[in-house]
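User: I would like to learn how to read helices and their packing in a model. Can we work through one case together?

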Amino acid sequence: MTVFAVTGATGPFGRITIDQLISKGVEPSDVVAVVRTPERATDLAARGVQVRRGDYDAALDDALAGVDRLLLVSGSEVGLRVPQHRNVVETAGRAGVSRIAYTSVLRAAETPLVIAPDHRATEEILARSGIAHSVLRNTWYTENFTGALAAYTASGAVTHAAGAGRVAAATRADLAEAAAVALMEDDGGDIVRELAGPAFTYAELAAAVSEGTGTTVVERSVSAEELSAALTAAGLDAPTASFLVAVDANIAEGALDGDAAELESLLGRPATTLADAVRAAQG
């Protein structure tokens, strides 16, 4: 019997991963959902999943007791993630966890992507831990774009500062399913997986939004300064606007371009297309 644990299990990624583990034959009683607030996981408990309280900032020994394989879903608190992830990895070592899968970012070792340093540092912690691990270098979520459909159609434009840069985005569901497969099937030594989806430009995004929604949406390429001003005018705070402008600069550099082959190999099927994601986002 192999016991699988998923951190951040009440978040969208963690929940989908647990669904996938169970759908692929893992007994619910062999799945541990590590959550900050067990009251938010009553639905998981009702399915027979073991729900255990666990906080990245606190002792996790009870949460990881008896766990064989662990999915460490990266934390959301930028600037705090490295010590938080170190805490999880060190606790996993004490608990005798045999393998950790970690949700990193595409080409973490060399990418200029603004969010990469925390992931790069966590990969180094894993490398020093002596625990076998699978690094899941995930691309950008397609939902980062389809979640803005209402804004695109209301303004009639997809405004960006990424030039002709391509985004090899993948849906959260595809990446979570891939994580479940890796957690179940990866064996032997340390494995690094570059998980990208079908790439598109912002112009292709605008075309997909137009086709999928029936509302004409054009691509509007602007300078970084113009994008920052537009985001601020739309009500975003300065740090968030600055982050989004930096991401577009990274996209222009090719930091989020990639090939879907490895993701599709794990899934055993084609990755979800942008067109399908747009249609699904409309309910």
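User: Which residues of helix 11 are buried?

Analyst: This is a predicted model. In helix 11 the buried residues are Ala241, Val245, Val247, Asp248, Asn250 and Ile251. An α-helix has 3.6 residues a turn, so residues three or four places apart point the same way.

User: What do the buried residues of helix 11 pack against?

Analyst: Two strands and two helices. The strands are strand 7 (157–160) and strand 8 (166–167). The helices are helix 9 and helix 10.

User: How do I describe a pair such as helix 10 and helix 11?

Analyst: Two packed helices are described by the angle between their axes and the distance between the axes. Here helix 10 covers residues 224–233 and helix 11 covers residues 238–252. Their axes come within 9 Å and cross at roughly 145°. The crossing of helix 10 past helix 11 is right-handed.

User: Which residues in helix 10 and helix 11 meet?

Analyst: From helix 10, Ala224, Leu227, Ser228, Leu231 and Thr232. From helix 11, Ala241, Leu244, Val245 and Asp248. By class, this contact has 6 nonpolar, 2 polar and 1 charged residues. Asp248 and Val245 are also among the buried residues of helix 11.

User: Why does the span of helix 11 agree with its number of residues?

Analyst: Use the rise of 1.5 Å a residue. The 15 residues of helix 11 should then span 21 Å. The end C-alpha atoms are 21 Å apart, so the two values agree.

User: What is found at the ends of helix 11?

Analyst: Aspartate 237 caps the N-terminal end. One of its side-chain oxygens lies 2.9 Å from the backbone nitrogen of threonine 240. Just after the helix, glycine 254 takes a positive phi of about 95°.

User: What does helix 9 look like by these tests?

Analyst: Helix 9 (residues 202–213) has 12 residues. From first C-alpha to last it reaches 16 Å, close to the 16 Å expected. Its buried residues are Tyr202, Leu205, Ala206, Ala208, Val209 and Ser210. Glycine 214 follows helix 9, with a positive phi near 80°.

User: Now a strand residue. Is threonine 103 buried or exposed, and why?

Analyst: Threonine 103 lies in strand 5 (residues 99–105). Its relative accessibility is 5%, so threonine 103 counts as buried; the cut-off is under 20%.

User: Where does the side chain of threonine 103 find a polar partner?

Analyst: At serine 74. The backbone nitrogen of serine 74 lies 2.9 Å from a polar atom of the threonine 103 side chain. Beyond four places in sequence, the contacts of threonine 103 include Phe13, Leu72, His119 and Asn138.

Note on methods: Residues are numbered from 1 along each chain as its sequence is written. This is a predicted model: local features need pLDDT of at least 70, side-chain atom pairs count only at pLDDT 80 or more; totals for chains, interfaces and linings use all residues. Side-chain values use heavy atoms; hydrogens and water are left out. Axes are lines fitted to C-alpha atoms, for helices over the stretch in contact, and angles run from 0 to 180 degrees between N-to-C directions. Helices (H or I, at least four residues) and strands (E, at least two) are DSSP runs, numbered from the N terminus. A crossing is left-handed if the near helix is turned anticlockwise from the far one by less than a right angle, and right-handed if clockwise. Contact means heavy atoms within 4.5 Å. Ala, Val, Leu, Ile, Met, Phe, Trp, Tyr, Cys and Pro count as nonpolar, Asp, Glu, Lys and Arg as charged, and the others, Gly among them, as polar. The expected span of a helix is 1.5 Å times one less than its number of residues. Buried means under 20% relative accessible area, exposed over 50%, partly exposed in between (1.4 Å probe, protein chains only). A polar contact is a pair of N or O atoms within 3.5 Å; within protein, one must be able to donate a hydrogen and the other to accept it, and residues adjacent in sequence count only if both atoms are side-chain atoms.
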